[in-house]
Amino acid sequence: MEAIVDTSDEWIVQRTGIRQRHVAGDDETTASLGEAAARAALANGGLMPADIDLIICATSTPDNTFPATSVNIQNRLGMSHGFAFDVQAVCTGFVYAVTTADAYIRGGLAKRVLVIGAETFSRILDWNDRTTCVLFGDGAGAIVLEAAEGEGTSADRGVLTAHLRSDGSHKDKLYVDGGPSTTGSVGKLRMEGREVFKYAVGMITDVIQAAFDSTGTTAEDLDWLVPHQANRRIIDGSAKKLNIDADKVVVTVDLHGNTSAASIPLALATAAGDGRIKKGDLVMLEAMGGGFTWGAVLLRW
């Protein structure tokens, strides 16, 4: 990064906590990354594509304006049944997608849903803008949600509650300066970092507290907080404000930077893969992204 823009590793790590990020290869796309994550999630659950009713892909960097990247992934998986669609809520996309999947399951429209967060943000970065190009990376992660009978208490497994918010008055603080109906181009990411930081902690703690209140749980009951991996200072500030022990916070921002909708499932894959997140654990997912959008999902693993 020091060879690309006027910055230093020390400055990046101190301000953001990011030590490395990954950039998709020339032969890789959001769909190819999403497919790889989907296959890993299916294998981890002992499932086949035939077992899935619905695919929801959260992304802000689709392969094409249309069709949806999820449909592309569906085809890559060899599926011609069920249905698929994308969700666009930027960094909050995975939280929105999990909430949507839960609603489809509760409504009886799907029994097993593949939820993917996949991004190639490197394709929309201005590599001359040191305030943004050092932050973002590419990646994908996925989980499978399935219908199961519960008792209707916080002891149930799966999604317990979800709280979503948005406020379009903040659009100009984090956006891409292009689009099909405006410039006819893809555009580049633009961000007012200080403004985003100013709002982030308050918005995040609001939805997390709402999740606690609606389930009668507290920070003490929580086993893991899995936040959107945008900035280490935002993560630490939110946990401190809610009195969540730092040892309960999954932090992977140092490993892959801000991967937008992919950051939470990547963090889940890391923490579940190394044995930290175990069956029965109470896990809080939270994110904030451009729009602004923000939200939290409380689930039992």
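Helix H2 (residues 30-44) lies across E3 and E4 and runs at about 40 degrees to E4; contact here means heavy atoms within 4.5 Å. Helices (H or I, at least four residues) and strands (E, at least two) are DSSP runs, numbered from the N terminus. Axes are lines fitted to C-alpha atoms, for helices over the stretch in contact, with angles running from 0 to 180 degrees between N-to-C directions. This is a predicted model, in which local features need pLDDT of at least 70 and side-chain atom pairs count only at pLDDT 80 or more, while totals for chains, interfaces and linings use all residues. Residues are numbered from 1 along each chain as its sequence is written, and side-chain values use heavy atoms, leaving out hydrogens and water.

The sheet under H2 is an open one, with four strands in the order E2-E1-E3-E4 and mixed pairing; two strands pair if DSSP finds at least two bridges between them. At its edges sit strand E2 (83-87) and strand E4 (138-146), each pairing on one side only. From one strand to the next, the twist averages 15 degrees. Strand E3 (residues 112-120) pairs with E4 in the antiparallel sense over nine bridges, and Gly117 has Gly141 in E4 as its bridge partner. Another helix, H3 (residues 69-76), lies across strand E1 (54-58), E2 and E3, at about 140 degrees to E2.

A further open sheet of four strands, again with mixed pairing, has the order E5-E10-E9-E8. Here the edges are strand E5 (158-166) and strand E8 (224-227), each paired on one side only. Neighbouring strands are turned by 15 degrees against each other on average, direction ignored. Strand E9 (residues 282-289) and strand E10 (residues 293-300) pair in the antiparallel sense over eight bridges, with Ala287 opposite Gly295 in E10. H6 lies across E5, E8, E9 and E10, running at about 140 degrees to E5.

H6 also has a helical partner. The axes of helix H6 (residues 193-215) and helix H7 (residues 232-241) come within 9 Å and cross at roughly 40 degrees. That makes H6 oblique to H7, since angles under 35 degrees count as roughly parallel, over 145 as roughly antiparallel, 65 to 115 as roughly perpendicular and the rest as oblique. On the H6 side, the contact residues are Phe197, Ala200, Val201, Gly202, Ile204 and Thr205, and they meet Arg233, Ile234, Gly237, Ser238 and Lys241 in H7.
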